[in-house]
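Let's take a walk through a protein together, one stop at a time. Have the sequence and the 3D view ready.

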Amino acid sequence: MPLLLSLIFFFCFVFYIYTGFYILTTKLRPGPQITFLCQCLSLSIWSFGFSIANSAPDYATALFWHRIAAVGWSTFYSFFLHFALEQTEKIKVLKKKWTYVFLYAPALLNIFLFSVSDRFAVPRYNLSLTPLGWSVNPPVNLQEIY
C-alpha cells in the first residue's frame, strides 16, 4: 500500500510539472503565468517529497524527504496569494516593494522552521511507520516540540 500512495503522489508531481510548463507556453499575460508556474513547482516539490518519504526504507530517509516537502507546502500559499492578487488585478498593491515582504516572509520562516533548522524541524516530525507508509504524528502540546 505505501508504494501505491507513493505512485499517486508521483503522478501528482508529474501532473503539476506538466501543467505549470504548459500554462507557461500559452499566450496569457506573463505575470500570472510565472506565478502559476511557481505554484505548480511548489506543489510538485511537495508531492515529490511525499512520494519518496511515504515509502522510505528508514526513519532518516523519511525525515529528510518530509523536510524537502516542507519547502513545497511552505511556499505554495505565498505563490497562491500572489497569483490571486494578480488575477484580481490588484496591480497597485503589487507595485509596492514592501508587499512582497509580507507575501513571502511567512514562506521563508516556514522553510527555516520546518526544513533547515534541526532544532525546530526534527522534533516537529514525529514519524511512525504505519501500513500506509510513514505518517506524521503531530505533538499534543508545544512542550513536546521544545
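Where is the place of S47? You'll find S47 in helix 2; helices here are DSSP runs of H or I with at least four residues, strands are runs of E with at least two, and both are numbered from the N terminus. Before we go on, a word on the ground rules: this is a predicted model, where local features need pLDDT of at least 70 and side-chain atom pairs count only at pLDDT 80 or more, while totals for chains, interfaces and linings use all residues. Residues are numbered from 1 along each chain as its sequence is written, and side-chain values use heavy atoms, with hydrogens and water left out.

Back to S47. With a relative accessibility of 5%, S47 counts as buried, because buried means under 20% relative accessible area, while exposed is over 50% and partly exposed is in between (1.4 Å probe, protein chains only). Who does S47 touch? Setting aside neighbours within four places in sequence, S47 is in contact (heavy atoms within 4.5 Å) with F9, C12, F13 and Y16.

Now slide along to N54, which also belongs to helix 2, a stretch covering residues 30-54. N54 is buried too, at 9% relative accessibility. Apart from neighbours within four places in sequence, N54 contacts P2, L5, S6, L132, G133 and W134. The C-alpha atoms of N54 and T130 are 9.7 Å from each other, with their positions 76 residues apart along the chain.

Let's follow two of those partners. S6 sits in helix 1 (residues 2-25) and is buried, with 7% relative accessible area. Leaving out residues up to four places away, S6 touches S51, N54 and S55. The other partner, L132, lies in the loop between strand 1 (127-130) and strand 2 (133-136). L132 is partly exposed at 44%, and together with M1, L4 and I8 it forms a nonpolar surface patch with about 390 Å² of accessible area. Such patches take residues with over 30% relative accessible area and no salt bridge, joining like charges within 9 Å and nonpolar side chains (Val, Leu, Ile, Met, Phe, Trp, Tyr) within 5 Å. The areas come from the Shrake-Rupley method with a 1.4 Å probe, and for residues only the protein chains shown count as cover.

Next, charges. Side chains of opposite charge can pair when their charged atoms come close. How many salt bridges does the structure hold? Just one, where that means a side-chain nitrogen of Lys or Arg within 4 Å of a carboxyl oxygen of Asp or Glu. It joins the side chains of D118 and R67, at 2.9 Å from N to O. D118 is in helix 6 (residues 118-124) and R67 in helix 3 (residues 59-87), so the pair ties together parts 51 residues apart in sequence. D118 is exposed at 53%, whereas R67 is buried at 13%.

Finally, step back for the whole picture. The protein has seven helices and two strands, running α-α-α-α-α-α-β-β-α from the N terminus. Its C-alpha atoms fill a box of roughly 45 × 35 × 20 Å along the principal axes. Of the 146 residues, 34% are buried. Among contacts between residues at least 6 apart in sequence, 63% join residues at least 24 apart.
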